[in-house]
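Student: Could you take me through the aromatic side chains of this protein, and then through the surroundings of its ligand, with the cut-offs behind each term?

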Amino acid sequence: MSLFKKVDELRSEFKQALASSPALSDLERIKQEYLGRKGILNDLFKQIKDVEPARKGEFGGLVNVLKQEVQEAIDALLSKTASSTGASAGVDVSLPGTVYQRGSLHPLEQTLRDIKSIFHRLGFSVAEGPEIETQWRNFDALNFPPEHPARDMQDTFFLNNGSVLRTHTSPVQIRLMMDEKPPIRSIMPGRVYRNEAIDAGHYCLFHQVEGLYVDKNVTHGELKATLELFCREYFGSDVKLRFRPSFFPFTEPSNEVDVTCFLCGGKGCRVCKQTGWLEILGCGMVDPNVFKSVGYDSEEYTGYAFGMGIERIAMLKYGINDIRLFFENDVRFLKQF
Ligand code: DAH
């Protein structure tokens with residue numbers, strides 16, 4: 001039989017093989033049989049050496065055409081079989097798959113990210129400090145008098161070497177000012193510790209975000225505008241703010257800031273204890289004594305600072321009534337965020 005005739009014969013054999021609507025596994029076998037490295041078509045190509053020289057080109061062309069036909073016919077059938085059964089390449093689609101449990105961000109992490117992103121847009125960078133602090137940075141440098149009640153054994157976890165677990169993030173202000181020259185505009189998130197009785201509203205550790213802006217001519221008006229913008233972004237554009245006079249050793253004047261209760265809109269409800277207001281943070285203008293501790297000239301620079309509890313903010317925003325839920329990590333709680 002001439003080799004040219006063989007090409008035609010193979011074509012009809014191939015068509016016949018496909019005519020019986022082969023199963024997926026048969027199709028794979030036929031593909032291998034024709035197109036595999038040692039398959040029928042490669043074999044045919046090799047026989048080109050036996051074709052008379054003048055017709056070698058013609059023969060090669062015919063084999064190529066056949067090869068392409070085989071390829072296309074098999075691919076078409078394979079994809080048809082795959083899409084009708086959902087299977088491809090011999091995968092058993094009826095087998096149960098692996099269930100991937102998708103995690104979610106802890107509500108505190110989510111709250112912190114939201115806070116960071118608002119202050120980021122206002123030009124604040126992020127700084128951090130260690131959880132074990134010297135008493136000097138945690139208290140003295142922040143203008144706490146030696147006998148201040150916050151130093152009390154009841155509030156502060158003292159370590160044997162005289163250090164403390166920081167009771168607030170304010171010592172990071174001291175670190176930042178001693179490391180850098182003004183202007184400084186940073187927020188400082190982190191974990192803080194208090195030796196308190198644990199209940200729905202108190203835990204031995206929680207998180208704060210501290211804020212500090214120091215430069216020439218920083219005003220209390222800028223503090224108010226910044227916090228107002230933050231609260232509107234975070235709690236909603238119609239919240240109002242109220243700055244109450246307060247006291248912190250490291251600020252003068254000092255304020256506590258309330259926002260109108262976003263649950264009842266200020267009418268009074270269970271969450272705001274019928275007052276219409278929710279206290280959310282402390283703030284003030286940096287006390288000149290703090291500047292003195294870090295070696296800044298308080299005639300040249302002014303600044304504002306603020307501090308807020310992340311748990312408190314998250315509890316208000318999401319209506320969580322027990323701070324302990326944040327630390328128990330019960331997935332039924334965490335999955336809701
Ligand atoms: N450190 C204070 C606390 O733990 C919070 C605070 C109040 C921080 C006023 C500040 C501030 O920076 O200006 O209760």
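Tutor: The aromatic cluster is a good place to begin: Phe119, Phe124, Tyr213, Phe230, Tyr234, Phe235, Phe262, Tyr304 and Phe306 together form one such cluster. Please keep in mind that this is a predicted model, in which local features need pLDDT of at least 70 and side-chain atom pairs count only at pLDDT 80 or more, while totals for chains, interfaces and linings use all residues. Residues are numbered from 1 along each chain as its sequence is written, and side-chain values use heavy atoms, with hydrogens and water left out.

Over the whole structure, a search finds 20 aromatic pairs, where rings of Phe, Tyr and Trp (its six-membered ring) pair if their centres lie within 6.5 Å, and planes under 30 degrees apart count as stacked, over 60 as edge-to-face and the rest as tilted. One of them joins Phe230 and Tyr234, which are stacked at 6.0 Å centre to centre with 15° between the planes. Both residues belong to helix α8 (residues 220–235), where they are four residues apart, about one turn of the helix; helices (H or I, at least four residues) and strands (E, at least two) are DSSP runs, numbered from the N terminus. Phe230 and Tyr234 are each buried, a term that means under 20% relative accessible area, with exposed over 50% and partly exposed in between (1.4 Å probe, protein chains only).

Turning to the ligand, the shell around it has 15 residues, of which His168, Ser170, Arg194, Gln208 and Glu210 come nearest; a residue is near a molecule or strand if one of its heavy atoms lies within 4 Å of it. Elements that each supply at least two residues of this shell are α7 (170–179), β5 (205–215), β8 (277–286) and β9 (302–309).

For polar contacts, the criterion is a pair of N or O atoms within 3.5 Å; within protein, one must be able to donate a hydrogen and the other to accept it, and residues adjacent in sequence count only if both atoms are side-chain atoms. His168 places a polar side-chain atom 3.0 Å from a nitrogen atom of the ligand, whereas Gln208 has a polar side-chain atom 2.9 Å from an oxygen atom of the ligand. In the side chain of Glu210, an N or O atom is 2.6 Å from an oxygen atom of the ligand.
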